[in-house]
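Trainee: Got a minute to walk through this fold with me?
Mentor: Sure, pull it up and ask away.

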Amino acid sequence: MNIDKAEVIVTSPERNFVTLKLTTDDGLTGLGDATLNGRELAVVSYLRDHVVPLLLGRDAARIEDTWQFLYRSAYWRRGPVTMAAIAAVDTALWDIKGKAAGMPVYQLLGGASRTGLMAYGHASGKTLEELFASIRSHLEQGYRAIRVQTGVPGLKSIYGIASNATLEANGGVRYDYEPAQRGARPKEEDWDTRSYLRHVPAVFEAVRNEFGPELPLLHDAHHRLTPIQAARLGKSLEPYDLFWLEDVTPAENQEALRLVRQHTTTPLAIGEIFNTVWDYQQIIREQLIDYVRSAVTHTGGITHLKKVLDYASQYQIRSGMHGPTDISPVGMAAAMHLGLAIHNFGIQEYMRHGAKTDEVFQQSFTWRDGFLHPGDRPGLGVELDTDEAGKYPYARAYLPYNRLADGTVHDW
Ligand code: GCO
Ligand code: MG
């Protein structure tokens with residue numbers, strides 16, 4: 001079962017996706033997600049120019065060996081581009097192994113540890129009224145856990161809050177949150193931490209008053225705070241019993257989380273921009289977080305993320321895999337198989353892809369009563385329609401960024 005063909009497919013139904021498709025000499029195919037939002041073509045080149053030539057003729061059954069070969073032989077380790085490329089190869093090989101065995105990937109990972117994966121969706125609104133409407137609409141869609149993002153008085157636009165500007169920029173397609181915007185330059189947004197810190201606890205109080213104590217609520221600070229500001233936010237949100245508070249500080253500085261932890265019992269989630277176990281080494285060992293946020297797509301695939309999560313499980317730290325729409329249906333399927341199999345599953349982020357994306361990627365997962373299941377087709381359960389994919393060429397798109405009132409570039 002050798003790899004006979006390796007294709008990198010770029011398609012942009014509603015947003016850009018990069019998919020690696022491997023075909024073996026006995027005709028099995030496997031898919032891997034290599035999408036790196038806003039920097040997609042760097043991974044395309046890494047794969048096409050450097051990895052594909054190495055894959056041809058390799059034994060498709062040797063997943064661990066291929067992972068180690070790609071990681072170690074490059075010499076230049078880690079980083080989002082490298083790890084997204086390795087992830088795509090790894091995921092495609094798991095897909096092939098599942099098809100060869102006639103089993104869904106979760107069976108190969110040890111079988112199901114639960115009947116379904118609780119998922120959270122993104123509710124947002126510039127005003128309380130819009131936010132409540134968004135929460136209600138998510139509850140109607142079946143969500144049993146909800147991320148709450150809010151506008152802040154005095155700020156024009158904040159990443160993560162659906163707005164009319166995004167609607168226009170994306171040709172009238174409404175998203176639950178702001179995707180990378182198509183265009184030649186990133187959109188500039190504004191930020192003011194003091195207003196944010198004053199406003200957010202009041203919003204959570206209002207949400208709890210309206211929706212009661214049971215509903216699990218999450219919030220993403222998107223790396224915008226200093227450690228002491230993060231500590232204050234965690235403390236001020238304690239009365240509202242958050243499921244988690246996400247990315248409170250830019251976590252390249254793992255030590256910063258110690259200070260946050262000393263001051264608050266609000267559970268912390270981190271890791272959507274991490275790409276190896278080394279990014280987690282200290283924060284897991286010192287129990288500075290409660291949830292691992294990495295996506296299979298950005299963390300070296302199923303093989304590597306499973307190792308991170310097994311390490312985390314020794315400290316009762318659970319998974320909370322990244323799942324916005326910039327994770328393709330292939331990456332989402334990989335997350336669902338892994339999440340179903342591991343013992344320390346926590347929650348899965350999930351938002352629906354658009355109708356065009358669902359035509360390009362034929363999927364077999366189910367979404368019932370707030371729970372996801374990857375389905376029981378052999379492999380990942382996703383197929384790519386290359387004719388459909390070909391209808392949507394790559395469209396340049398950038399994530400936005402922030403400036404403070406005095407013009408300083410800020411974390412966004
Ligand atoms: C989340 C994230 C996303 C990221 C996006 C970047 O928690 O879902 O913060 O909104 O910003 O995936 O590409
Ligand atoms: Mg996030």
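What follows is a short chat about how the pieces of this predicted model pack together.

Trainee: Let's start with the sheet. Which strands stand at the edges?

Mentor: The sheet is open, with 3 strands in the order 1-2-3 and antiparallel pairing. Each edge strand has a single partner strand, so one side of it is left without a neighbour in the sheet. That puts strand 1 (3-11) and strand 3 (29-33) at the edges.

Trainee: And how many bridges join strand 1 to strand 2?
Mentor: Those two run antiparallel, with strand 2 covering residues 17-24. As one pair across them, T11 stands opposite F17 in strand 2. The number of bridges joining strand 1 to strand 2 is 8.

Trainee: Which strands does helix 3 touch?
Mentor: Helix 1 (residues 40-55) packs on the sheet too, touching strand 1 and strand 2. Helix 3 packs on the sheet with its direction at about 145 degrees to that of strand 3. The strands helix 3 touches are strand 2 and strand 3.

Trainee: Are helix 2 and helix 3 roughly parallel or roughly antiparallel to each other?
Mentor: Helix 2 (residues 63-73) and helix 3 (residues 80-101) have axes 10 Å apart and pack at an angle of about 170 degrees. Angles over 145 degrees count as roughly antiparallel. Helix 2 and helix 3 are therefore roughly antiparallel.

Trainee: How many nonpolar residues does that contact of helix 2 with helix 3 have?
Mentor: Helix 2 brings in residues including W67 and L70, and helix 3 residues including V89 and L93. By class, the contact also has 1 polar and 2 charged residues. The nonpolar count is 8.

Methods
Residues numbered from 1 in each chain as written. Chains lettered and ligands numbered in written order. Predicted model: local features only at pLDDT ≥ 70, side-chain atom pairs only at ≥ 80, totals over all residues. Axes fitted to C-alpha atoms, helices over the stretch in contact; angles between N-to-C directions. Helix = DSSP H or I, 4+ residues; strand = E, 2+ residues; numbered from the N terminus. Parallel < 35°, antiparallel > 145°, perpendicular 65-115°, else oblique. Contact = placed C-beta atoms within 7 Å. Nonpolar A, V, L, I, M, F, W, Y, C, P; charged D, E, K, R; others polar. Pairing = 2+ DSSP bridges.
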